[in-house]
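Dear colleague,

Please find below the structure that I am handing over to you, with my notes on it underneath. I would be grateful if you read the two side by side.

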Amino acid sequence: MARLYILIFLVQVVLAVCALISCLSAEEDGIRHLPRIAWVLIILFFPLVGSIAWFVAGRERRPGGASTPWATGGRPAERARPVAPDDDPEFLRSIEESSRQEDQELFRRWEDDLRKREDDLRKREGEPPREEPRPEM
């Protein structure tokens, strides 16, 4: 029986903390019926009833069932923007382009080195160096 009381107490505390966070982070026009300080005091003095009252009557319901702007994936007034660099298409494009350029430069240096080694081998064997045009990529 004591475990049940502990569980109920923990649920009440978590509910009160969530209600306080929701109340304190709500915008001023998103609070209904009472001022913010009154809601905070109700939640603190009557944790279970105050928390339920806040979620039912105190906060403004958003259209579409979203209770916060973050539930819709971003702020409603602003255009959604990438959160991290790997979500930004322009950043990914620039990384891809620089990687492609580095690969082409490395490939060009490898080809030049290979031609130089082939020419050195031909000189050692007494054959004239090869003079073929290099294909462009």
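In these notes, a residue is called buried when its relative accessible area is under 20%, exposed when that area is over 50%, and partly exposed in between. Asp112, with a relative accessible area of 32%, is therefore partly exposed. Please bear in mind throughout that this is a predicted model.

Asp112 belongs to a group of charged residues. Salt bridges with shared partners link Glu105, Arg108, Arg109 and Asp112 in one network. Within this network, Arg108 pairs with Asp112, the closest N and O atoms being 2.8 Å apart. Both residues lie in helix α4, four residues apart, which is about one turn of the helix. Arg108 also meets Glu105 in a salt bridge, at 2.4 Å from N to O. About one helical turn separates Arg108 and Glu105, because they are three residues apart in helix α4 (residues 89-125). Like Asp112, these two side chains belong to partly exposed residues: the relative accessible area is 31% for Arg108 and 33% for Glu105.

The structure holds seven salt bridges. One of them joins Glu28 to Arg36, with 3.1 Å between the closest N and O atoms. Glu28 has 56% relative accessibility and so counts as exposed.

As to the overall architecture, the protein chain has four helices and zero strands, and its elements follow the order α-α-α-α from the N terminus on. Of the 137 residues in the chain, 15% are buried. The chain exposes about 11,400 Å², of which carbon and sulfur atoms supply 61%. Among contacts between residues at least 6 apart in sequence, 42% join residues at least 24 apart.

Which residues form the largest nonpolar core? This core has ten members: Ala19, Leu20, Cys23, Ala26, Ile31, Trp39, Val40, Ile43, Trp54 and Phe55. The elements that contribute two or more residues to it are α1 (2-25), α2 and α3. Val40 touches Leu20, Cys23 and Leu24, leaving aside residues up to four places away in sequence.

Cys23 is buried, because its relative accessible area is 0%. Cys18, by contrast, has a relative accessible area of 40% and is therefore partly exposed. The structure holds zero disulfides.

On the surface, Ile37, Leu41, Leu44, Phe45, Phe46, Leu48, Val49, Ile52 and Val56 make a nonpolar patch of about 930 Å². Two or more of its residues come from each of α2 (36-45) and α3 (47-58). Val49 is located in helix α3, and its 60% relative accessibility is why Val49 counts as exposed. Helices α2 and α3 thus appear both in the list of elements that supply the core and in the list for this patch.

One backbone feature also deserves your attention. Most residues other than glycine have a negative phi. His33, although not a glycine, has a positive phi of about 70 degrees. His33 lies in the loop between α1 and α2. At 65% relative accessibility, this histidine, His33, counts as exposed.

With kind regards

Terms used: Residues numbered from 1 in each chain as written. Predicted model: local features only at pLDDT ≥ 70, side-chain atom pairs only at ≥ 80, totals over all residues. Heavy atoms only, no water. Patch = residues over 30% accessible without salt bridge, like charges linked within 9 Å, V, L, I, M, F, W, Y side chains within 5 Å. Areas by Shrake-Rupley, 256 points an atom, 1.4 Å probe, with all protein chains shown as cover. Salt bridge = Lys/Arg side-chain N within 4 Å of Asp/Glu carboxyl O. Buried < 20%, exposed > 50% of the residue type's maximum accessible area, 1.4 Å probe, protein only. Disulfide = S-S within 2.5 Å. Core = buried A, V, L, I, M, F, W, Y, C linked by side-chain atoms within 4.5 Å. Contact = heavy atoms within 4.5 Å.
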